[in-house]
Amino acid sequence: MEYLRHWGLHDKPFLNAYSSFFFAAATQRESIAGLSYFAGSRFSTAFLVAEPGCGSTYLLNHISRLNGMGDCATEVVVTRQTRGDCAAVADGLADALGIRQTIADVGAIGLDLAIEACDREGVRLIWCIDELDPCSFGTARNLLASHKNLRVVFSATPESCSKYEHACRHPSMRIDLDAIGLDDVVEYVEKGIEFAGGTRQLFDDNAKVRISELSEGRIAQVAHLAESALCLAAQYNMSCVSSSVIEGTLDQVARAA
């Protein structure tokens, strides 16, 4: 990737799905603390509530890499929205639990056995569902009725949380993940560059301010704007990303939509 060579980076600083880089502003730290409390609590369900782009997927991916949560032994698995395919919900959970066959071969019994195996080992299973939908909600509710060691985190927008929260059979926790402020946007950009091997500031101060304004502090948008701006500025052999580049990046995104 030519733009990474231009900036002296060894990897994408913001849009690398395989990177271990995680930035924790106050809202991320508070959400992690809430999820850690939930893992050891009597609650069986929690709603991680965020507006689109505020980093629910980013946070859940980080949580899944941690060695346990709270004060109890836990295994954290994450599955994605299946867009109305109810069979795929169970199939995704089976895959996350390391069941190698397809769900057609394993069936519900295979899932039950895998969850029970965690229980026998004294491990609480935390199933995080990224983007709540009717199929994942129904599957989770059925499994919760049978397994006391299972806990489910639903990633939801405020609207979908309101829709589903009343349908839970037991009280649930709500954990809010908010947008980040200007100071956190600035630190996120700087830390991302540093993690990717950068040794100097690649964005001027006005560019960072403009990223914060245009993204409204939604970390997914911050990442897309910053990565795209690096690519655009490199095309013009610039030595630093300016606010005008951020504007140009936004125009490119709008034209491509």
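This report describes the fold, the sheet, several helices and two individual residues of one predicted chain.

## Model and conventions

The model is predicted, so local features need pLDDT of at least 70 and side-chain atom pairs count only at pLDDT 80 or more, while totals for chains, interfaces and linings use all residues. Residues are numbered from 1 along each chain as its sequence is written, and side-chain values use heavy atoms, with hydrogens and water left out.

## Overall content

The chain holds 11 helices and five strands; helices (H or I, at least four residues) and strands (E, at least two) are DSSP runs, numbered from the N terminus. The C-alpha trace spans about 60 × 35 × 35 Å along its principal axes.

Of the 257 residues, 47% count as buried. Buried stands for under 20% relative accessible area, exposed for over 50%, and partly exposed for what lies in between (1.4 Å probe, protein chains only). The exposed surface of the chain comes to about 12900 Å², with carbon and sulfur atoms supplying 50% of it; accessible areas come from the Shrake-Rupley method with a 1.4 Å probe, and for residues only the protein chains shown count as cover. Among contacts (heavy atoms within 4.5 Å) between residues at least 6 apart in sequence, 75% join residues at least 24 apart.

## The sheet

Five strands form an open sheet in the order E2-E3-E4-E1-E5, with parallel pairing. Two strands pair if DSSP finds at least two bridges between them. Strands E2 (74–80) and E5 (173–176) are at the edges with a single partner strand each, so one side of each has no neighbour in the sheet. From one strand to the next, the twist averages 20 degrees.

Strand E3 (residues 124–130) runs parallel to strand E4 (residues 150–156) and is joined to it by five bridges. Ile126 stands opposite Arg151 in E4. E1 and E5 also pair in the parallel sense, over four bridges, and Val49 has Asp176 in E5 as its bridge partner. Side chains alternate along E5: Met173 and Ile175 point to one face and are buried, whereas Arg174 and Asp176 point to the other and are not.

## Helices against the sheet

Helix H6 (residues 134–144) lies across strand E1 (45–49), E3 and E4, and runs at about 160 degrees to E4. Helix H7 (residues 158–165) lies across E1, E4 and E5, at about 160 degrees to E1. Axes here are lines fitted to C-alpha atoms, for helices over the stretch in contact, and angles run from 0 to 180 degrees between N-to-C directions.

In helix H3 the buried residues are Ser56, Leu59, Leu60, His62 and Ile63. Seen down the axis of H3, these residues fall within an arc of 160 degrees, so they line one face of the helix; the arc is that of the directions from the helix axis to the C-beta atoms. They pack against helix H2 (26–39), E1, E2, E3 and E4.

## Helix H8 and Val189

Helix H8 (residues 182–195) has 14 residues, which at 1.5 Å a residue should span 20 Å, and its end C-alpha atoms are 20 Å apart, in agreement. The expected span is 1.5 Å times one less than the number of residues. Val185, Tyr188, Val189, Gly192 and Ile193 are the buried residues of H8. Viewed down the axis of H8, they fall within an arc of 125 degrees, so they line one face. The face turned away from this buried side carries the exposed residues Asp183 and Glu194. The cover over the buried residues includes helix H3 (56–64), helix H9 (205–215) and helix H10 (219–235). Just after H8, Gly197 takes a positive phi of about 100 degrees.

Val189 has a relative accessible area of 1%. Not counting residues up to four places away in sequence, Val189 touches Phe14, Phe203 and Val222. Val189 and Ala226 are 37 residues apart in sequence, with a C-alpha to C-alpha distance of 7.4 Å.

## Ala179 in the loop before H8

Ala179 is in the loop between E5 and H8 and is partly exposed, with a relative accessible area of 36%. Leaving out residues up to four places away in sequence, Ala179 touches Thr27, Cys54, Glu216, Gly217 and Arg218. The C-alpha atoms of Ala179 and His6 are 31 Å apart, with their positions 173 residues apart along the chain.
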